[in-house]
Amino acid sequence: MTDLLTTVAIVFIVAGPFLLVANRFQLPTVPLLILAGVVAGPFIDEELTLELAQYGIALLVFSFGVSVQFSGVRTVFLDSEVVALGQILVVGSLGVGFGLVFGVPVEEAIYLGIAAALSSTIVGTSLFQTEIRRDLVRGRLAEAIHLGQDLLAIVLILVLAAETLALGQVAPLVAYGLGLVVAAVLVNRYLFDVIGEFAGDSDELMIVSVISLLVVFVGAAEFAGVSIVVGAFAAGLAVRHDPVEYLGLFNGLESVRDFFVAIFFVTIGALVVLPFVEIGWNESVEKLLLTGGIVLLTAVVKPAITTGILIYQGYETRTATLTSLNTDQVSEFSLIIAIEAALLGVLSPSLFDAIILAAAVTMVTSTITGSYNEKIYRVLATHGVLDGTHRKIDEWSDVPQNTSDHVIVVGYGRQGRQLVEACEDLDQPYVVIENDPVRRDEVVSECDAFVFGDAMERYTWEKANVETARIAVSTVDSDPVSRRILSFEFDADVTLRASDEETALDLLEEGALYVTVPELLAGQRLTQYVQELLEGDLTPEELREERMAVLEERPRVGHPDSTNAPVTR
């Protein structure tokens with residue numbers, strides 16, 4: 001234990017300066033944390049590093065289980081699982097084939113295929129936090145893809161623990177794993193709220209209780225002889241709840257997650273064996289070839305396959321491309337599988353080192369592609385690498401040819417519906433622009449005119465007869481979408497949406513007619529209510545009745561007719 005604490009101390013002593021540099025110059029933290037690990041590697045025992053990596057990954061998997069919101073991904077879950085399976089079958093098979101070509105034994109080549117096929121939940125969800133929080137289509141797709149792959153990875157870990165493919169030994173371990181998941185669901189449904197009631201308003205008691213649950217599930221996994229990662233994931237599902245309801249708890253767990261994220265990336269760097277520095281020439285060349293193959297399959301082939309599958313399913317080229325660029329890294333589950341295989345002696349040091357180096361490289365490159373995904377898409381689209389899928393836009397859209405002097409509404413979420421209802425009340429012609437296939441039937445049945453296309457593409461606006469439109473209103477809180485719309489320089493007035501006042505001012509200066517800032521408007525309305533109460537212009541009973549009347553007019557969230565639909569960009 002003392003040695004492990006010393007290792008943790010070294011990790012943070014070395015990582016500290018790198019984090020300060022990242023903060024000072026606003027640099028991505030992942031590459032610098034991995035670099036810190038490379039620097040710390042010579043001072044850390046490899047066995048302790050592997051042990052620390054296992055615990056770090058387990059706690060990160062726990063954090064992911066806590067944050068999973070099935071309600072957010074259910075609308076795209078089936079599509080996402082097709083993508084996840086496609087990645088595993090195609091990229092995994094290519095990875096196995098690549099290993100066999102280079103003389104890797106088939107039992108080890110399987111691990112190479114796993115490394116190439118699975119994507120990192122940690123990197124992916126951190127890069128797409130804004131999209132997930134705003135419930136954008138690509139955010140929901142990415143989160144669901146990672147969830148599906150993680151569930152399959154859990155099964156692979158359970159099979160690996162058996163050290164054989166014999167059904168008599170694999171079946172009990174899989175049953176133990178499923179038992180932990182079932183127990184987690186029962187705890188989440190029947191016990192967690194009881195714990196919350198006993199804890200009262202004490203966030204500290206809730207955090208202690210949650211950590212206790214984590215220890216119980218991890219201990220149960222150890223007792224059953226399965227990986228602690230399985231127990232940690234089950235514990236996360238047991239704790240999973242509405243973050244608003246237990247805000248203090250989830251803020252505390254977020255801090256714990258950040259702590260172990262730093263440890264995770266540093267340990268990845270520490271496990272890297274540098275070619276031509278720590279090993280000889282021949283071994284270095286072999287390792288670089290294996291690493292290059294894994295990187296190529298992970299960072300190029302996998303996104304290409306993902307893009308193709310999503311486009312085939314009907315998603316717009318931009319949504320498909322940006323989602324695919326969220327899967328271009330080696331998964332932490334691949335690493336735990338490789339670590340356990342190495343500890344069992346079924347994975348050669350050379351291939352293990354190649355997988356670790358590929359993970360470090362792709363996690364660095366993924367932060368770059370994540371930061372410049374819009375530019376990457378634009379370059380690919382401009383040079384004709386990606387087709388704008390105009391055929392599907394034509395097939396799925398319905399805009400009368402004589403439509404003119406109309407309102408174009410971008411996004412058929414809550415605000416979009418309200419705008420459409422207002423246009424219909426005023427007998428004002430309108431066209432809705434939407435790109436979420438799961439909302440297609442809804443838009444077709446409820447809207448008079450619509451275009452299923454990406455608001456970032458000029459052809460979508462041409463299909464909506466923008467040249468004769470009176471005004472274009474975007475309900476999408478996305479800075480790239482807003483700036484792209486302004487870049488078209490339409491004759492129609494453009495109204496946009498922004499998340500903060502600074503962005504709103506920039507958009508107004510760039511030519512927007514009006515920019516809504518929901519938080520600002522809500523604050524102004526609240527201030528008005530308070531002022532009316534204080535001045536006696538409004539009684540508490542009248543305010544309450546007004547709120548009740550407004551809320552009762554709208555179907556509840558989750559109801560089939562709910563107007564609280566997600567924004568779809």
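Buried means under 20% relative accessible area, exposed means over 50%, and partly exposed lies in between (1.4 Å probe, protein chains only). With that in hand, E442 and R417 are both buried.

Before you start, note that this is a predicted model, in which local features need pLDDT of at least 70, side-chain atom pairs count only at pLDDT 80 or more, and totals for chains, interfaces and linings use all residues. Residues are numbered from 1 along each chain as its sequence is written, and side-chain values use heavy atoms, with hydrogens and water left out.

**Exercise 1. Find what E442 pairs with, and place both partners in the fold.**

Step 1. Start with the rule: a salt bridge is a side-chain nitrogen of Lys or Arg within 4 Å of a carboxyl oxygen of Asp or Glu.

Step 2. Apply the rule to E442: its partner is R417, with the closest N and O atoms 1.5 Å apart.

Step 3. Place the partners. E442 sits in helix α21 (residues 440-446) and R417 in helix α20 (residues 414-425), so the pair links distant parts of the chain, 25 residues apart. Helices here are DSSP runs of H or I with at least four residues, and strands are runs of E with at least two, numbered from the N terminus.

**Exercise 2. Trace the salt bridge between R318 and D454, and name the network that R318 belongs to.**

Step 1. Read the distance: the side chains of R318 and D454 meet at 3.5 Å, N to O.

Step 2. Locate the ends. R318 lies in helix α15 (residues 317-324) and D454 in the loop between β3 (450-452) and α22 (458-463), so the bridge ties together parts that are 136 residues apart in sequence.

Step 3. Check the cover: R318 and D454 are both buried.

Step 4. Look for shared partners: salt bridges join R318, E374 and D454 into one network.

Step 5. Finish with the total, which is eight salt bridges by this rule.

**Exercise 3. Decide whether D394 and K463, which form a salt bridge, are buried, partly exposed or exposed.**

Step 1. Confirm the pair: the side chains of D394 and K463 meet at 3.3 Å, N to O.

Step 2. Place the pair: D394 is in helix α19 (residues 390-396) and K463 is in helix α22, 69 residues apart.

Step 3. Compare with the cut-offs. D394 has 34% relative accessibility and counts as partly exposed. K463, at 25%, also counts as partly exposed.

**Exercise 4. Describe helix α12 and how it begins.**

Step 1. Take the length: α12 (residues 228-239) has 12 residues and reaches 17 Å from its first C-alpha to its last.

Step 2. Compare with expectation. The expected span is 1.5 Å times one less than the number of residues, and the value for α12 is close to the 16 Å expected.

Step 3. Check the cover: 12 of the 12 residues of α12 are buried, among them F233 and L237.

Step 4. Look at the start, where a side-chain oxygen of S227 reaches to within 3.1 Å of the backbone nitrogen of V229.

Step 5. Step back into the loop between α11 (203-224) and α12, where V226 is found. V226 counts as buried at 5% relative accessibility. V226 and G177 are 49 residues apart in sequence and 7.5 Å apart in space, C-alpha to C-alpha.

**Exercise 5. Work out which way the side chains of strand β2 point, and which strand β2 pairs with.**

Step 1. Sort the residues: Y430, V432 and E434 point one way from β2, and V431 and I433 the other way.

Step 2. Check the cover: five of the five residues of β2 (430-434) are buried.

Step 3. Find the neighbor. Strand β1 (residues 407-410) pairs with β2 in the parallel sense over four bridges; two strands pair if DSSP finds at least two bridges between them. V409 stands opposite V432 in β2.

**Exercise 6. Find where Q26 and F276, two residues with positive phi, are located.**

Step 1. Recall the usual case: most residues other than glycine have a negative phi.

Step 2. Take Q26, which has a positive phi of about 55 degrees. Q26 is in the loop between α1 (2-24) and α2 (29-40), and is exposed, with a relative accessible area of 73%.

Step 3. Take F276, with a positive phi of about 65 degrees. F276 is in the loop between α13 (247-271) and α14, and is partly exposed at 41%.

Methods:
A polar contact is a pair of N or O atoms within 3.5 Å; within protein, one must be able to donate a hydrogen and the other to accept it, and residues adjacent in sequence count only if both atoms are side-chain atoms.
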